[in-house]
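Hi,

Here is the structure I promised to pass on. Have a look at it first, and my notes follow underneath.

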Amino acid sequence: MRGRGRAALPYLYLVPAFLFFVPFVLVPFAHTVGLSFYDWDGLTRASFVGIENYREAFGSRLVRSAFGHALVLILYFGVLPVLLALPLAVSSARTSVPGGNALRALIFMPQAISTVVVGVCWGWILALDGPLNAAIRALGPDWAAVDWLGSFTWALPSLGIVGAWTLLGLCVALFFAGLQQIPASLYDAAAVDGANRWREFRAVTLPGLEGPIAVALTVTVISALRAFDLVFVTTRGGPGTETVVPGILIYRRAFEDGRLGSAAAIAVILSIVVFAVTLLINRIADRRAA
Amino acid sequence: MALTAGSRLCSALRGLTAVLLVAGLSVGCGSNGPDDPAAEGGRDALEVWTPESGTRLQLVQKRADQFAAAHPGVKVNFTIRDFGSYPAQLKLALASDSPPDVVIGNLGWSLDGPLIKAGLLRPLDPWAARYGWDTRFPEVAQRQMRFTTDGRQFGRGAIFGVPYAADVIGWFYNVDKLETLGIGVPATLAELETALETARRAGEVPIMLGNKAQWPGLHLFYLVSDDLASDREVNGIVFGDRSIKWTEPSFVASARKLAQWNAKGYIAAGSNSMSPADALARFVRGTGVFLPAGSWNAAELAAAMNDSVAFFLTPPVRKGESSHATGSVGYGWHLSAASRQADLGAEFIDFMTQEAFAIQLTAGGDISPLPIDDAVARAPSRLAGEIFAAWQGLLANGTLRPYLDFSAPNGAEVLYPTMQAIIAGHETPERGLALIEESREKFLDSL
């Protein structure tokens, strides 16, 4: 009796989390998956259409390009902040300058600001008559000014840079915390072995930061894939369809067009992509750690 | 090992099934306990839903108070929701166990169509004959309120809504700038294009447009297609005639003209990232000679610019012909299918759409679907007076055209962005309009 009780104990610990997880995550997700096999306008009787919504999604240029844009955003939201945050964190951890903590807090601040505020501010900065273009005009010819968020070429990269700016602070904070975990003895050993700064970074710092890098990539890549608020505030998917991302399509189809089945199918595909990408990142991190 | 994992999975699945069942049961229980409106003794309370705001809302509520005063024992309860979230909330309310009695809808497929298809609205024909709704409004206005009872065809069938307010797209212009540039109000499309060129040469922004929202570009398109396309073509697109397509030469020519205007520098630089409100603010502050926009902006413009702003409908191709313009009779009053006081609701609808309300609306600077004598209606500003006169002309001539985006509900996904790409020269008119037509046909197939 006692033995069985002890075996059940771990599950008992899971109960509180499970109580939240089931009604707020699992049930809605199961509902969404179910919905994705129906043609439903939210009002009339839903009709079962099998995999038709998925067929439409995979066959649609717009849906494919939305996922393409999300992949581009991964580079800006994920890869770029991680690449920039590494030297920032390493150099700031090594040297102690007066006001260093305040500086780190400043870099982290975008993460604490609501995305809507970020979007409105950057919309102003990037406008044709905004400060960025004022600087460009001051330094170069007038024609070099660009309507960043209204340009068919530059809108998506501009959004990407805004996202990178937002997430950079998070990456720096994660890496800075990770650096504190690396035993000083490893650096001493590297110094004794005569390693230069680069060797030391390759042999000690980078391996020590693999965990934080995996966490940073997971968080940033997910935020790139599910980007909605920033796009909705700054471009609404435009100009044309240049910045349409899956989140925008899901929102429009579900809440504006009354195509809930189709929206659900895109949501399911997006969830699967998110699962797959996070799994991949963590697999790679685990394998390297092992 | 495998067995253990398998049985663990099994028991986990059993647990999940149990949880799902419980969740399903509780949802089922929830829907078994409706509030019974009759039990509240609220038989004489009329539940009314509206997305209106500002002056229109005040006028609607004032008129409803007059209705209540004329009907002792009747109470009108308003539920007001913001325009953006209104459609989703109204759908839920009408499909709930205690639906409202009288609601304002929205034309075409965006809201009315799905509600009618779901059987949530009541055909108004029995009351239309009694109150004269079928003759009160001009035919051009009526067609926008008709749907077949299966909700599959727009523009024909039963009367489902009764209109009370209206809107029209045209050109606002800066009176002082036009004077400085030495141009008169354009009387033909060619004169308008000459005016745009003159304005550009003088270093002015000829057309102020905030196209970040993507639909304003389509409103600009109307100001050309109203001239180049025929009634038959426009009505064909809107009311689901498959023999008419977006790729008609007249639509292609209209789209090409906009792309040319943009290439020539007539449209404000940076319009793709400018919100409509931003464009309006710039126009008020003196940037832009012409502002293509809807009549609903009139009150704000008149308040900010007094008599230095005026309005004209897009001028015809040949001098002296009557102007065609895109507009609508707003959204109508509807009766919910489940209302237990349909007769009272219909009486309310009639009261809210009579000439007396049209006169109140005009005095508030708005326009109404009723042709009314300007002797009885006093517009509050010169601008409102111009719009009123232009609108009355459209009703009298029968040259009002429905919005092309009534043709399908998914304008935001294909129609608006594609039109934006065409104007920007990022997509050719032919290919872009073919894409738009493809999505329209897909929608018609789905009906």
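**Confidence first**

Residues 1–42 of chain B have pLDDT under 50 throughout, and the model gives this stretch 12 contacts beyond four places in sequence. Bear in mind that this is a predicted model. Within chain B, helix H1 (residues 2–30) has the lowest confidence, with a mean of 38. At the other end of the scale is helix H12 of chain B (residues 249–263), where confidence is highest, at 98. Taken as a whole, chain B has a mean pLDDT of 87, and 89% of its residues reach 70 or more. The scores for the model are ipTM 0.87 and pTM 0.86.

**Chain B in outline**

Chain B has 447 residues, and 48% of them are buried. You'll find 19 helices and 12 strands in there. Of the chain B contacts with a separation of 6 or more, 75% are between residues 24 or more positions apart.

The domain assignment gives two domains in this chain, each written as two segments: domain 1 is 42–166 + 329–353, and domain 2 is 168–327 + 398–446. Their C-alpha centres lie 30 Å apart. Where they touch, 12 residues come from domain 1 of chain B and 12 from domain 2. On the domain 1 side of that contact, six residues are nonpolar, six are polar and none is charged.

**The cores**

The largest nonpolar core has 126 residues, and B:Leu258 and B:Leu383 are the members that touch the most others. Both domains of chain B feed into this core, with at least three residues from each. If you want a place to start looking, try B:Leu383: leaving aside residues up to four places away in sequence, it touches B:Ala298, B:Leu301, B:Ala302, B:Val309, B:Ala310 and B:Phe311. There is also a second, separate core of 61 residues, and A:Val63, A:Tyr76, A:Ile107 and A:Ala265 are among its members.

**A covered strand**

Strand E8 of chain B (residues 290–294) is worth a look too. How many of its five residues are buried? Five of the five are. In a regular strand, side chains alternate between the two faces of the sheet. Here B:Phe290, B:Pro292 and B:Gly294 point one way, while B:Leu291 and B:Ala293 point the other way, and all are buried. Strand E7 of chain B (residues 167–174) runs antiparallel to E8, and five bridges join the two. One of the pairs to look for is B:Ile169 with its bridge partner B:Gly294.

**Where the chains meet**

The contact between the chains takes 26 residues from chain A and 26 from chain B. On the chain A side, helices H1 (2–35) and H12 each supply at least two residues. H1 of chain A gives the most, with four residues. By type, the chain A side divides into 12 nonpolar, eight polar and six charged residues.

H12 of chain A covers residues 246–256, and its buried residues include A:Pro246, A:Gly247, A:Ile248, A:Leu249 and A:Ile250, along with A:Arg253 and A:Ala254. Just after this helix, A:Gly258 takes a positive phi of about 65°.

**Backbone oddities**

Most residues other than glycine have a negative phi, and most peptide bonds are trans. A few spots depart from that pattern.

Two of them sit in the loop between H11 and H12 of chain A. A:Arg236 lies in that loop and has a positive phi of about 60° although it is not a glycine. Is A:Arg236 buried, exposed or partly exposed? It counts as partly exposed because 19 other C-beta atoms lie within 10 Å, and buried would take 20 or more. A:Pro239 is in this loop as well, which follows helix H11 (229–234). The peptide bond joining A:Gly238 and A:Pro239 is cis, with omega about 0°.

The other one is in chain B. B:Asn306 has a positive phi near 50°, and it is not a glycine either. Its place is the loop between helix H14 (298–305) and strand E9 (309–312) of chain B. B:Asn306 counts as exposed because it has 12 C-beta neighbours inside 10 Å, and the limit for exposed is 12 or fewer.

Happy to go through any of this with the structure open.

Cheers

Notes. Residues numbered from 1 in each chain as written. Chains lettered and ligands numbered in written order. Predicted model: local features only at pLDDT ≥ 70, side-chain atom pairs only at ≥ 80, totals over all residues. Contact = placed C-beta atoms within 7 Å. Pairing = 2+ DSSP bridges. Domains from an automatic or database assignment. Nonpolar A, V, L, I, M, F, W, Y, C, P; charged D, E, K, R; others polar. Core = buried A, V, L, I, M, F, W, Y, C linked by C-beta atoms within 7 Å. pLDDT = per-residue confidence, 0-100.
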